[in-house]
Amino acid sequence: MDIKLKEVIQQHAKKTLTTTELARRANLSRSTVTDALKRPINKTSFGVVTQLLLASNIPLESVVSHPELTAAQEEVRFLNQCSLKGLTIMGIKFSTPDHFWKTRDSIITSIYEVTSQPKRTLMMLISNSKNTFQPPQ
């Protein structure tokens, strides 16, 4: 089922705007706004979607971010992408069962290590690593 941009805006906006108001705030033509609101969100230009969300005072992150999963939920999601029969993990084929199991176990361990830390700490680490990378001493 394709979700229309109009439905997303109605769900997230605190105040409903007319097509004319949206067009004026987003600095787009009314025909562009009308067309975008009728179309599925995934078949509308990212730039137009972004402008209309901002014009509606809807943060882009609130629409595109996924709910946070627990480590156990992430593990299940990951395991659903593994096949012992085909020795594949997320579509990547392994040459031996030993390589398969070692990789699978390593990834699962990483899932629990990462999700056990508070989100704020993780965000800080990610932010710092983008700005400056210093090898361990």
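**Entry 1. Contacts and overall make-up**

I take a contact to mean heavy atoms within 4.5 Å. On that basis I looked up how far apart in sequence the contacting residues lie: among contacts in the chain with a separation of 6 or more, 53% involve residues 24 or more positions apart. I note at the outset that this is a predicted model.

I then recorded the secondary structure, which comprises eight helices and three strands. Reading along the sequence, I find the pattern α-α-α-α-α-α-β-β-β-α-α. Of the 137 residues in the chain, 24% are buried. The chain exposes about 10300 Å², and I attribute 56% of that area to carbon and sulfur atoms.

**Entry 2. Confidence**

I checked the pLDDT before reading any detail. The average for the chain is 79, and 79% of the residues score at least 70. Which elements have the lowest and the highest mean pLDDT? Helix 8 (residues 119–131) has the lowest, at 49, whereas helix 3 (residues 30–38) has the highest, at 91. I also noted that the pLDDT is below 50 over residues 129–137, and that this stretch makes zero contacts in the model beyond near neighbours in sequence. Where pLDDT is low, predicted coordinates should not be read in detail. I therefore leave the coordinates of such regions without detailed reading.

**Entry 3. The sheet**

I looked up the arrangement of the strands. The three strands form an open sheet in the order 1-2-3, and their pairing is antiparallel. Strand 1 (82–83) and strand 3 (92–93) are the edge strands, each pairing on one side only. In general, the strands of a sheet pair through backbone hydrogen bonds.

I next examined how strand 1 meets strand 2 (residues 88–89): the two run antiparallel and are joined by two bridges. Which residue of strand 2 stands opposite C82? I find that it is I89.

**Entry 4. The aromatic cluster**

I searched for aromatic pairs and found two in the structure. In one of them, the ring centres of F94 and F100 are 6.4 Å apart and the planes meet at 75°; I class this pair as edge-to-face because its angle is over 60 degrees. The other pair is F100 with W101, also edge-to-face, with 5.4 Å from centre to centre and 85° between the planes. Together, the ring pairs link F94, F100 and W101 into a cluster.

Are the members of this cluster buried or exposed? I applied the cut-off of under 20% relative accessible area for a buried residue. F94, at 17% relative accessibility, counts as buried. F100 is buried as well, at 2%. W101, at 35%, counts as partly exposed.

**Entry 5. The surroundings of A55**

I turned to A55, which lies in helix 4 (residues 46–55). Its relative accessible area is 7%, so I list A55 as buried. Which residues does A55 contact, leaving aside its neighbours within four places in sequence? I find L17, L22, R25 and A26. For A26 I also looked up the backbone separation: its C-alpha atom is 5.2 Å from that of A55, although the two residues are 29 residues apart along the chain.

Methods:
Residues numbered from 1 in each chain as written. Predicted model: local features only at pLDDT ≥ 70, side-chain atom pairs only at ≥ 80, totals over all residues. Heavy atoms only, no water. Pairing = 2+ DSSP bridges. Helix = DSSP H or I, 4+ residues; strand = E, 2+ residues; numbered from the N terminus. Phe/Tyr/Trp six-rings, centres within 6.5 Å; stacked < 30°, edge-to-face > 60°. Buried < 20%, exposed > 50% of the residue type's maximum accessible area, 1.4 Å probe, protein only. Areas by Shrake-Rupley, 256 points an atom, 1.4 Å probe, with all protein chains shown as cover. pLDDT = per-residue confidence, 0-100.
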